[in-house]
Amino acid sequence: MRHVISLLLENEAGALSRVSGLFSARAYNIESLTVAPTEDASMSRMTIITRGSDDVVEQITKQLNKLVEVVKVVDLSESGHLERELMLAKVRAVGKDREEMKRMADIFRGNIIDVTDSSYVVELTGNSGKLDAFLGAIDASLILETVRTGVCGIGRGDRILKI
Amino acid sequence: MVLSGAEIVVRCLQEEKVEYVFGYPGGAVLYIYDELFKQEKVRHVLVRHEQGAVHAADGYARSTDRVGVALVTSGPGVTNAVTGIATAYCDSSPVVVISGQVPTAAIGQDAFQEVDTVGITRPCVKHNFLVKDVREIAPTLKKAFYLAKSGRPGPVVVDIPKDVSAKKCEYAYPKSIAMRSYNPVTKGHQGQIRKAVQLLLDAKRPMVYSGGGVILSEAAEALTRLVRSLGCPVTNTLMGLGGYPGTDGQFLGMPGMHGTYEANMAMQYCDVLLAIGARFDDRVIGDPADFARVARKIIHVDIDPSSISKRVKVDVPIVGSVSSVLEDMLKLLDENPQRPDAAALEPWWKQIAEWRGRDCLAYDRDAPVIKPQFVVEKLYEVTGGDAFVTTDVGQHQMWAAQFYKFDKPRHWVTSGGLGTMGFGLPAAMGVRIAHPDAQVACVTGESSIQMCIQELSTCKQYRLPIKIVNLNNRYLGMVRQWQQLFHGNRYAESYMDALPDFARLAEAYGHVGMRIDKPGDVEGALREAFKRRKDLVFLDFQTDQTENVYPMVKGGKGLTDMILSSEDL
């Protein structure tokens, strides 16, 4: 099962390596990991996408909680939540492909944020499936490079992760 | 007042009432050593290898209820200490290791004696710190001591760059510490505790399985009261020995791979199992699937939530400190008019008596060679069961655990989780320093003892009259046993050739050495050794080369699948 684990941790040097080290030391799967400071600069928020049985994910959350610098851990996928990922895709845009690429970006509600006479950079946000779908929809030979942030997640409604 | 970083370190140690620091100097800690030199409150014990420093601090911590402290230099000082740190980590021992680091400006420059201490030790510490600002030394050390001792204890490393120990700042030791990210639970959930007590009272075949948590939580006395009032059998894990009196009739011995037949059978066939401060590890329950095949209710008390339902699904999880939960249980038992089911306990004890009748620890008492079990039995007799016993790792460790009966906690000091050969002698130093009038024995083997034998020199310098009981079978005994059982008698590299004459080696270090070849001389030698109250005596017992540790549960097998003697092979 895929799980979205969200955590608050002290914004200190080395905190990230404690988390990533835990995953590798205990052979837990890690699909993506994003981290950045929160509105409270002393704290960072991390979203980890992992896969594992319920037992394994229970251990993951317990082990994360055990890290001294981790303040709070929730498994967002236990109930309603939102996931978003940002992708920047540099694509070839010449000739008839130029118009087609613009159309595809519009259909996926992407923005073209850089233009040259032969390429676009398309900015696209959404859940991972949507980003995959965009890449599937365009001609693979036109993709020059892509970069994705990994997923960040938040609970719906009253579910708030804060101290 | 304005003090240097090094002065602050020493002040903090004084504030924490640290009596002894086990360490080894080097470039990056020179300022700290200079300050240690100028005062007398914190005494320093100079070991001969940093691994020994951490083991000694660990032995000191385990045999007391205090934090052990080690001080090492950067680079190789730290890497040598890592085995000691990992040993303390695996057995949840409260140790603070202060390490020197190259100056801040040199970090990352591949400087002389530079290693990434925080990086190297990260997976084997409870927490670690790199102190980059002299003003952070005092609060960091305060945190380090608090973290090491609270919750599930463990080692904490504080890495201090040389320039930080030289710089000055205003000093004040924090009175208290609050960490928003670290608040270990101590009090157990009352509803769950109530449920647990009811289960135990209703049980037909109750069983208590306790581990190192009982020792760490200073809860041996509470555990003893609980087990007595329940009238049920109890087993102590390797880490938990001494948590319940080993000579008591309700004690079934140790469980697990080399546990007793009766303890393992009772673990498997009880109907309610109370696991307290123990973690169902692979050496205790064998195959978790086999363990789970029997329907029984399991209550699990542990201060570490991640220990619960890790390897075995439990019915009543209770997160809390062992001592607090036990006191709550005792109170509920007192208030409850219901008594344990005497009619059910009778056949249960009858069953246990039958299991005990197998006499699973029997060995050949008429052998012409010295049996290692016999040596441990005699050690027990000669010391009146009152000694502190440390061990190394292997067959001798199991025999010591099986045959020395511990009635009190903190008298048994062994490397359980990591299984570190070389632990015994330095740990015994820490124990003896903490208990300057006590009898301290290090039960070891000819292979283990050589892993930290340099500490004989430390023992001489500080006049530590440890009795080293060397069960010398000229083999890496446990390796040989596995090779005999599982590798077709091919004894690959397990024969210890070219052994030194240990008695003379001990003499070379300025100690007393004895070599004992005959069973008839065992007791006399031990008596003579313990009579020499001021001397370290190295007793080199030439033991049976082919003796195996039984009972034995093969790795990966179920608990009840035991080899009881060589006849079962």
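## Working through a two-chain model

B:Lys17 sits in the loop that links α1 (5–15) and β2 of chain B, where helices (H or I, at least four residues) and strands (E, at least two) are DSSP runs numbered from the N terminus. Before we take up this residue, a word on conventions. The model is predicted: local features need pLDDT of at least 70 and side-chain atom pairs count only at pLDDT 80 or more, while totals for chains, interfaces and linings use all residues. Residues are numbered from 1 along each chain as its sequence is written, and chains are lettered from A and ligands numbered from 1 in the order in which they are written.

### Exercise 1: Backbone angles in the loops of chain B

Find the phi of B:Lys17, then decide whether the residue is buried or exposed.

*Step 1.* Look at the backbone: B:Lys17 has a phi near 60°, a positive value in a residue other than glycine.

*Step 2.* Set that against the usual pattern: most residues other than glycine have a negative phi, and most peptide bonds are trans.

*Step 3.* Count neighbours. A residue is buried if 20 or more other C-beta atoms lie within 10 Å of its own, exposed if 12 or fewer, and partly exposed in between, with C-beta atoms placed from the backbone. B:Lys17 counts as exposed because it has 11 C-beta neighbours inside 10 Å.

*Step 4.* Try the method again on B:Glu493, which lies in the loop between α20 (477–486) and α21 (502–508) of chain B. Its phi is positive, about 55°, although B:Glu493 is not a glycine. With 9 C-beta neighbours inside 10 Å, B:Glu493 counts as exposed.

*Step 5.* Finish with a peptide bond: B:Tyr550 and B:Pro551 are joined by a cis one, with omega about -5°. You will find B:Pro551 in the loop between β19 (537–542) and β20 (552–553) of chain B.

### Exercise 2: A covered strand

Work out how many residues of β4 (68–72) of chain B are buried, and which strands pair with β4(B).

*Step 1.* Five of the five residues of β4(B) are buried.

*Step 2.* Sort them by side: B:Gly68, B:Ala70 and B:Val72 are on one side, B:Val69 and B:Leu71 on the other, and both faces are covered.

*Step 3.* Turn to the partners, where two strands pair if DSSP finds at least two bridges between them. Strand β2 (20–23) of chain B runs parallel to β4(B), and two bridges join them; here B:Gly23 stands opposite B:Leu71. With β5 (95–101) of chain B, β4(B) pairs over five bridges, again in the parallel sense, and B:Val72 has B:Ser99 as its bridge partner.

*Step 4.* Add the helix: β4(B), α4 (76–90) of chain B and β5(B) make a right-handed β-α-β unit. Right-handed is the word if, with the strands pointing away from the viewer, the path from the first strand over the helix to the second runs clockwise.

### Exercise 3: The two faces of a helix

Determine which residues of α1 (15–25) of chain A are buried and which elements they pack against.

*Step 1.* The buried residues include A:Ala15, A:Arg18 and A:Val19.

*Step 2.* Look down the axis of α1(A): the buried residues fall within an arc of 95°, so they line one face of the helix. The arc is that of the directions from the helix axis to the C-beta atoms.

*Step 3.* Check the other side of α1(A), where A:Ser17, A:Ser24 and A:Ala25 are exposed.

*Step 4.* Follow the buried residues outward: they pack against β1 (2–10), β3 (43–51) and α2 (54–66) of chain A.

### Exercise 4: Domains and chains meeting

Establish how many residues of domain 1 of chain A are in contact with domain 2 of chain A.

*Step 1.* Split chain A into domain 1 (2–79) and domain 2 (82–152); the bounds come from an automatic or database domain assignment. Their C-alpha centres lie 29 Å apart.

*Step 2.* Two residues are in contact if their C-beta atoms, placed from the backbone, lie within 7 Å. Six residues of domain 1 of chain A are in contact with five of domain 2 of chain A.

*Step 3.* On the side of domain 1 of chain A that touches domain 2 of chain A, β2(A) gives the largest share, three residues.

*Step 4.* Now compare chains: 13 residues of chain B are in contact with 17 residues of chain A. The chain B side divides into five nonpolar, four polar and four charged residues. Ala, Val, Leu, Ile, Met, Phe, Trp, Tyr, Cys and Pro count as nonpolar, Asp, Glu, Lys and Arg as charged, and the others, Gly among them, as polar.
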